[in-house]
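The report below describes a two-chain model, beginning with one chain and moving on to the contact between the two. Please read it alongside the sequence and the coordinates.

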Amino acid sequence: MSASSDLRRATRGDRAALRRVVQRHLPQIRRWALVATGDVGVAEDVVQEALIRLLRFVHRYDPQRPFEPWLKTLVLNAARGELARRARNPVVAEPEPERAAPEASLDRQLDLARAATRALDAFGYLSPRQREIVDLVDLQGLSPAEAAQQLQITPGAVRGQLFQARRALRARLAEGADPVALLREA
Amino acid sequence: MTCEDVREQLLEASSDFGDLAGHLAGCPSCAALAAAIRAEEQQLIRAVEEFSMSTALIDAQWAEAERRVGRLGGAWRAVHTWLLAAAVVAAILVAGLSGGGRGPVQPPVALMPPPPVLELRERAEAFSEVKALAPVAAGTSREEEDVLLENALKAAAASLQALEDQAVAVAKDEGTDPRWVLEARMALAAGYAKMAQVIADFPFPSYLTEAQHEVYEMAIEDRVFVQRSKAAKAYGAAATYAEKHGLDATEAKRQQQTLLEGLR
């Protein structure tokens with residue numbers, strides 16, 4: 001089945017076609033959810049909510065119009081809803097259970113996992129707009145002009161936000177690298 | 001260039017650090033910092049990619065989505081007998097309107113508004129002050145809560161109805177200056193958009209179960225969508241009217257575009 005055929009069928013209520021549409025767009029849906037929330041756990045809930053909304057509202061999609069902007073709006077609305085719901089009902093995080101000392105063979109994997117967590121934590125401290133710009137320019141490799149076009153803002157605004165975001169992100173990431181100590185050694 | 005300068009620039013530069021290459025080549029400390037930053041950024045790229053590409057949960061998430069949407073279908077029948085959801089529908093159907101937030105566009109002051117326009121402004125002002133009901137106090141009975149919510153919704157709908165009646169009266173009078181007609185159209189569109197917001201902001205009945213809460217939320221979302229669509233159409237009609245009569249359509253178009261973006 002072609003993508004456009006699946007979309008048309010999905011708007012008419014064909015669940016199997018909609019499932020294929022979801023499969024095709026899943027990486028993008030997950031990425032939007034992560035960029036919008038900056039938190040892996042919240043992003044999973046947003047993906048769940050986005051799927052519910054997709055099932056409920058796909059009949060509203062006009063196949064004559066581009067699908068990705070429509071889908072992105074749906075995911076971002078799901079993210080806004082989820083963040084608002086969490087603000088109303090804050091979840092108290094359970095303390096992490098004490099872990100036994102890792103086996104030597106697991107050290108490398110755990111280091112990588114910790115580094116990934118730290119990187120995502122730093123990403124989560126940026127504003128949603130900054131995350132969007134960092135994602136488009138630094139992670140996906142768009143030029144500031146291309147990102148500006150996609151976000152419907154000026155290239156100057158993209159550059160300004162990008163600099164602020166990089167500064168904030170690297171300041172957090174560099175905490176581990178202890179740049180002050182490095183500089184003292186210089 | 002000092003190490004301090006380089007450290008500052010490392011925080012902002014693109015990750016190829018091209019302009020700083022000369023310093024980095026001769027300064028192990030700054031080079032180490034640059035390498036650490038680059039490595040961390042690579043880690044972030046990998047982490048985001050891994051999250052995006054993960055399909056581990058999709059089957060479970062899809063099944064859960066189908067289950068919850070399926071439950072919605074069954075639950076709708078219960079909603080039809082449900083006083084508050086029905087009250088929302090009834091209030092809106094009676095009013096025949098939706099929501100927005102801004103007051104009417106003011107024409108040049110040199111043009112004295114006729115009495116119907118002054119009345120329109122008063123009604124627009126009154127409706128703009130309508131607020132969603134505050135959450136009910138603890139200890140309120142279910143029956144009392146139903147009455148409070150229903151009355152608040154009916155009051156909002158009545159206020160909007162009064163605004164609509166006056167806007168139609170101004171617009172239908174053939175002798176009215178087009179600027180006043182445009183003001184009436186804009187006030188009506190703003191009223192529709194405001195009503196959508198009122199509905200969206202209304203507190204949920206406190207006694208709902210989790211499943212009922214979800215159904216109620218979806219019902220409200222659907223109503224808000226319909227009301228915002230009406231508001232977008234009304235702004236579109238105001239823009240067309242303005243252009244036809246040589247008036248400024250900018251604000252009407254801007255409001256319509258904002259609403260349409262929210263609806264996509």
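Of the 186 residues of chain A, 43% count as buried, where buried means under 20% relative accessible area, exposed means over 50%, and partly exposed lies in between, computed with a 1.4 Å probe on protein chains only. This is a predicted model, in which local features need pLDDT of at least 70 and side-chain atom pairs count only at pLDDT 80 or more, whereas totals for chains, interfaces and linings use all residues. Residues are numbered from 1 along each chain as its sequence is written, chains are lettered from A and ligands numbered from 1 in the order in which they are written, and side-chain values use heavy atoms, with hydrogens and water left out.

Chain A has nine helices and zero strands, helices being DSSP runs of H or I with at least four residues and strands runs of E with at least two, numbered from the N terminus. Among the contacts in chain A with a separation of 6 or more, 62% join residues 24 or more positions apart, a contact being heavy atoms within 4.5 Å.

Three residues of chain A can be set side by side by place and accessibility.

| Residue | Place in chain A | Relative accessibility |
|---|---|---|
| A:Arg20 | helix α2 | 32%, partly exposed |
| A:Arg30 | helix α2 | 2%, buried |
| A:Gln152 | loop between α7 (144-151) and α8 | 66%, exposed |

A:Arg20 and A:Ala10 are 10 residues apart in sequence, and their C-alpha atoms are 9.2 Å apart in space. A:Arg30, leaving aside its neighbours within four places in sequence, is in contact with A:Glu44 and A:Val47 as well as with B:Phe51, B:Ser52, B:Ser54 and B:Gln61. A:Gln152 is not a glycine, yet has a positive phi of about 55 degrees.

Between the chains, 55 residues of chain A are in contact with 49 residues of chain B. The two chains bury about 4,800 Å² between them, 62% of it on carbon and sulfur atoms; buried area is the accessible area (1.4 Å probe) that two parts lose on being put together, summed over both. There are five salt bridges between chain A and chain B, a salt bridge being a side-chain nitrogen of Lys or Arg within 4 Å of a carboxyl oxygen of Asp or Glu. One of them joins B:Glu221 to A:Arg53, with the closest N and O atoms 3.3 Å apart. On the side of chain A that touches chain B, α3(A) gives the most, with 12 residues. By class, this side has 32 nonpolar, five polar and 18 charged residues, with Ala, Val, Leu, Ile, Met, Phe, Trp, Tyr, Cys and Pro counted as nonpolar, Asp, Glu, Lys and Arg as charged, and the others, Gly among them, as polar.

The largest nonpolar core has 58 residues, of which A:Leu18, A:Phe123, A:Val134 and B:Leu44 touch the most other members; such a core is a set of buried Ala, Val, Leu, Ile, Met, Phe, Trp, Tyr and Cys residues joined through side-chain atoms within 4.5 Å. The largest share of this core, 10 residues, comes from α2(A). Not counting residues up to four places away in sequence, B:Leu44 touches A:Ala119, A:Leu120, A:Phe123, A:Leu139 and A:Leu169. Another core, of 45 residues, lies apart from the largest one and includes B:Val181, B:Ala238, B:Tyr241 and B:Ala252.
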